[in-house]
Amino acid sequence: MVISQQNNAFNTRALNWLYCCLSLFVLDLCSVSLLPAAEPQQIVFQKTWGQQGSKPGEFDFPIDIAINAADEIFVTDHLNDRVQKFDCEGTLLAHFPVLPNPGGLAFDKQGNLILSHILASGSSKHKIGDRISIYSTEGKLIRQWGELGSEPGQFNCPGGIAVAKNGRIYVADQTNHRIQVFDPNGKFLFQWGEYGNQPGQFGGKSSQNSRVGGPQFIAFDSAGHVWTTEGANCRIQKFTAEGKYILEWGSDADKPGGLGGLFTGFKDRKAGGLRGPIAVCFDKNDQLWISAVSGRVQQFSPAGIYLRGLVQEQGTGPGQFYAPHGLAFDSKGNLYVVDAYNHRIQKFVIE
């Protein structure tokens with residue numbers, strides 16, 4: 001009898017203790033659920049510069065942008081056949097002519113400029129493209145290579161460029177639907193990709209002879225992986241530096257978090273199949289920033305989770321875009337966007 005009473009008392013104490021713990025656990029969960037959701041960090045429009053024209057400081061379809069350690073900003077001025085250099089406030093520092101139709105832009109390990117030359121517009125003064133060139137930051141031509149074709153070392157509308165930590169040069173060979181890799185002197189090393197919709201292929205939702213299928217632009221993350229944009233397929237693909245497929249994500253939805261939507265900036269004709277992501281770059285936290293034909297510039301996690309975006313409306317006002325192209329960050333984390341069809345650069349403070 002005594003033993004039974006002791007057991008009952010023990011069981012009662014144990015149950016009370018368990019109920020107390022459960023109550024505290026529930027209260028803790030409730031307190032967590034009542035915490036306010038974290039507000040997304042602000043993106044503040046700061047300034048814009050440029051307009052359509054051929055005078056110094058003006059642009060005729062700028063395409064790509066690169067910023068060096070001194071926060072000097074270089075922009076390819078496609079139809080003016082030149083590169084222009086600015087400070088972070090948009091003050092013109094220099095400009096110099098380059099081979100016709102410059103597009104993609106990156107720095108090599110010596111700080112020289114690597115350019116792709118793409119014959120992609122009926123407005124081009126010179127019907128010459130399909131090559132890569134390297135210039136000093138003062139405008140001296142160092143070397144060039146490439147010609148129209150589909151063999152290794154040849155190009156068909158080369159687009160974005162990225163440089164690996166070991167100095168290798170990666171080129172988005174758009175209409176050939178592949179990535180080509182070269183040593184710092186322009187020697188062909190290897191390639192990957194082909195036309196199609198499967199992992200590691202590019203552009204299968206467009207004509208095989210269309211450059212808008214992709215790949216369009218390239219970027220490296222801090223781990224040395226290669227990320228590509230793919231316009232017609234509205235997706236992002238991730239590869240090893242050797243070209244091994246890792247993953248893909250993306251949506252053709254015309255809404256925040258989507259990569260679809262048509263360009264509305266043509267006054268006299270429809271956009272047709274002009275859709276999808278264009279440029280990609282990484283911020284200091286290894287999050288992706290992606291520009292899209294639909295006028296969006298958005299931030300994603302490496303897993304493809306939409307985080308936030310700039311003012312997502314096409315137009316000519318501050319913070320609006322018509323087919324934004326190249327993206328780059330300065331040393332303070334400010335974001336610069338090449339607003340291609342508005343012929344200007346826009347600067348944003350990312351908080």
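How many disulfides does a search of the whole structure find? The search finds zero. Keep that in mind as we walk through this model, which is predicted.

## The chain as a whole

Let's start with the broad view. The protein chain has 351 residues, and 54% of them count as buried. Its secondary structure consists of one helix and 26 strands, so strands will take up much of our tour.

What about contacts along the chain? Take the contacts with a separation of 6 or more: 47% of them join residues 24 or more positions apart. On the outside, the protein chain exposes about 16300 Å², and carbon and sulfur atoms supply 53% of that area.

## A sheet of four strands

Now look for β6, β7, β8 and β9. They form an open sheet in exactly that order, and the pairing is antiparallel. At the edges you will find β6 (102-107) and β9 (141-145), each of which pairs on one side only. On average, neighbouring strands of this sheet are turned by 20° against each other, with direction ignored.

Inside this sheet, follow strand β7 (residues 113-117) and strand β8 (residues 131-135). These two pair in the antiparallel sense over five bridges. One residue to look up is His117, whose bridge partner in β8 is Arg131.

## Ser54 in its loop

Next, find the loop between β1 (43-49) and β2 (62-67), where Ser54 lies. Is Ser54 buried or exposed? Its relative accessibility is 51%, and because exposed means over 50%, Ser54 counts as exposed.

Being exposed does not leave Ser54 without partners. Leaving aside residues up to four places away in sequence, Ser54 touches Asn80 and Arg82. Asn80 is 26 residues from Ser54 along the chain, yet the C-alpha atoms of the two are separated by 6.3 Å.

## Two cysteines

Let's return to the opening question. A disulfide is a covalent bond between the sulfur atoms of two cysteines. The search of the whole structure finds zero of them, but there are still cysteines to visit.

Which side of the cut-off do Cys88 and Cys234 fall on? Cys88 has a relative accessibility of 16%, and because buried means under 20%, Cys88 counts as buried. Cys234 is buried too, with a relative accessible area of 1%.

Terms used
Residues numbered from 1 in each chain as written. Predicted model: local features only at pLDDT ≥ 70, side-chain atom pairs only at ≥ 80, totals over all residues. Heavy atoms only, no water. Pairing = 2+ DSSP bridges. Axes fitted to C-alpha atoms, helices over the stretch in contact; angles between N-to-C directions. Buried < 20%, exposed > 50% of the residue type's maximum accessible area, 1.4 Å probe, protein only. Contact = heavy atoms within 4.5 Å. Disulfide = S-S within 2.5 Å. Areas by Shrake-Rupley, 256 points an atom, 1.4 Å probe, with all protein chains shown as cover.
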